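Me: Could you take a close look at a single part of this model, and set its pairing partners out one after another? A connected account would suit me better than a list.

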Amino acid sequence: MERKHMSALSIYQSLSGGTKPHVQAKSPPAKKIKRKENGIQPNKKPNKKKRMRALKSSMRLSSSEKEKSKAEKDCETHNGEGFESPALDALLTDLAKVNNSRDRANRLFQWLIHPVQDKSFFRDNWEKKPILIQRQNPDYYKGLFSTAEFDHILRNDDVQYGVNLDVTSYTNGKRETHNPPGRALPYTVWDFYESGCSLRMLNPQAFSSTVWQVLSILQEKFGSMAGANVYLTPAGTQGFAPHYDDIEAFILQLEGKKHWRVYNPHQDEIGQPIMDVVLEAGDLLYFPRGFIHQADCLPDAHSLHLTVSSFQRNSWGDLLLKLMPAALETAMEEDVEFRKGLPLDYLQFMGVQNSEKEDPRRDKFIAHVEGLMKKLVSFAPADAAVDQKAKDFLHDCLPPVLSAEEKASSVYGAPARWGDGEALDVTVQLKGQTQIRLVRAGAARLCGDGETVSLCYTTENSRVYRKEEPKSIEMKAEHIDAMEFLIHSYPKFVSVASLPCEKMEAKMSLAELLFEKGLIHTAEPLTAE
């Protein structure tokens with residue numbers, strides 16, 4: 001049946017073959033050190049002994065100049081001297097005036113990798129190879145984060161060891177964490193620092209409004225959560241052992257300088273670094289997930305850098321983890337071949353203990369499994385699986401940072417207040433001619449599970465990773481077409497009366513619901529009735 005002849009409700013119900021997929025969110029066993037992003041706990045004990053032996057041998061570098069020459073071809077260095085780019089505060093002010101949040105994301109990302117062009121970066125580097133951008137501009141990231149702000153946060157916010165802050169050291173090949181229990185106060189934190197320990201703030205976006213704003217914009221560029229860590233390292237020390245992460249990493253050198261070595265992934269021995277550089281304030285280093293890296297401070301300067309990360313658990317394999325269980329469930333319901341019993345004697349010729357047997361029954365069994373796997377493709381509910389991924393993404397997302405104009409024209413600027421002993425101006429006037437739109441392109445998404453259609457959204461998320469439960473609204477059938485229309489209309493404002501609902505009452509009820517949840521704002525601030 002063609003989509004144009006189906007209601008939106010029918011489309012969403014059909015995504016998983018009319019049944020609710022019980023997909024599993026569990027990821028495969030971790031084989032890498034995972035960075036604590038936005039409060040995500042890392043796997044502190046990688047289970048590959050061979051990899052760990054390679055990491056511990058970080059100082060055994062090859063002396064072959066030929067090998068070094070080949071390795072250097074696997075990375076790029078760009079000199080940004082002489083290229084003008086706006087200061088961050090001016091850029092964020094200008095971005096607030098940009099009509100489309102996706103355009104904002106593109107412009108902010110272009111600033112991040114300046115002077116490298118967006119297209120060339122994604123063609124040549126993204127998920128492929130590292131790139132170093134040296135700008136000779138120590139003030140490039142001014143206003144983003146600083147040691148002064150680090151100190152201010154310690155003094156004024158509830159920073160907890162192990163949750164918001166890690167104290168680490170790496171000496172004589174041994175990595176240690178020194179977190180005491182409780183709140184991280186300046187008296188003990190700076191004592192650790194003076195003793196040669198590195199400080200890692202795990203979710204600076206929870207404390208810094210600028211970091212929050214930057215990440216909330218970038219997440220629309222990546223279509224994946226944008227997280228961050230801040231690392232403050234004393235001169236002449238190293239805080240972490242050589243390791244690799246499961247994220248795309250952008251290293252923003254904010255203060256001081258730091259010596260970085262990056263190595264090719266998938267090696268039994270750590271080998272020759274493909275990049276051996278010193279980052280100075282204003283520089284950027286990007287490397288894809290899987291690339292082994294280590295960094296240490298030079299004797300004459302401390303280092304403060306911010307790591308922006310994204311694309312964690314965002315591979316085709318991660319999508320298939322959602323897709324395959326749903327496909328198998330549907331196949332078992334609809335195709336008798338998947339419900340037929342296994343051979344009575346299959347344990348006699350299958351399994352590891354029988355893997356060396358020359359038995360024709362094995363060939364027949366394996367061929368049958370392969371045939372079922374091929375048939376499974378026809379039951380794969382790709383759209384439903386993508387919706388499951390989208391739900392996870394929207395749960396991960398930071399809430400949007402609204403401009404003053406957006407606040408004034410949304411629920412946050414509604415005139416309701418307390419005065420003269422009573423609640424005043426509680427009801428605002430949404431009318432048929434009122435022009436509305438979503439606050440962000442990625443603020444909300446319709447997701448179907450075969451039984452219901454939900455509107456998942458980000459506006460009530462916390463700045464702390466997954467502190468809140470996922471936010472969603474179960475949609476009424478009369479609202480689904482209108483919600484889809486509103487999503488696809490962005491960034492244009494549309495009138496409440498133009499929403500494709502049969503009755504005006506339904507149009508108004510949807511607009512009022514979205515306004516109350518902070519999902520829409522109006523072309524002009526609303527006044528009280």
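Reply: In this predicted model, strand β7, which covers residues 248-263, is mostly covered, since 14 of its 16 residues are buried (under 20% relative accessible area with a 1.4 Å probe, protein chains only; exposed is over 50%, partly exposed in between). Strands are DSSP runs of E with at least two residues, helices runs of H or I with at least four, each numbered from the N terminus, and two strands pair if DSSP finds at least two bridges between them.

The pairing of β7 can be followed partner by partner. With strand β11, residues 303-310, β7 pairs in the antiparallel sense over eight bridges, and here Glu-248 stands opposite Ser-310. Strand β9, residues 284-287, is also an antiparallel partner of β7, through four bridges, and among the residue pairs is Ala-249 with Phe-287 of β9. Strand β8, residues 275-280, is joined to β7 by six bridges, again in the antiparallel sense; Lys-258, for example, has Leu-279 of β8 as its bridge partner. Strand β10, residues 292-296, likewise runs antiparallel to β7, with five bridges between them, and Tyr-263 of β7 has Ile-292 of β10 as its bridge partner.

Two other parts may be set beside this strand. In helix α10, residues 316-334, the buried residues are Asp-318, Leu-319, Lys-322, Leu-323, Ala-326, Ala-327, Thr-330 and Ala-331, and these buried residues pack against α12 (360-376) and α13 (382-396), where contact means heavy atoms within 4.5 Å. Further along, three strands form an open antiparallel sheet in the order β15-β16-β17, and β15 (444-448) and β17 (472-474) are its edge strands, each pairing on one side only. Within that sheet, β16, residues 453-457, is joined to the antiparallel β17 by three bridges, and Cys-456 stands opposite Ser-472 of β17.

Residues are numbered from 1 along each chain as its sequence is written, and side-chain values use heavy atoms, leaving out hydrogens and water. Local features need pLDDT of at least 70 and side-chain atom pairs count only at pLDDT 80 or more, whereas totals for chains, interfaces and linings use all residues.

Definitions and conventions:
Expected span 1.5 Å × (residues − 1).
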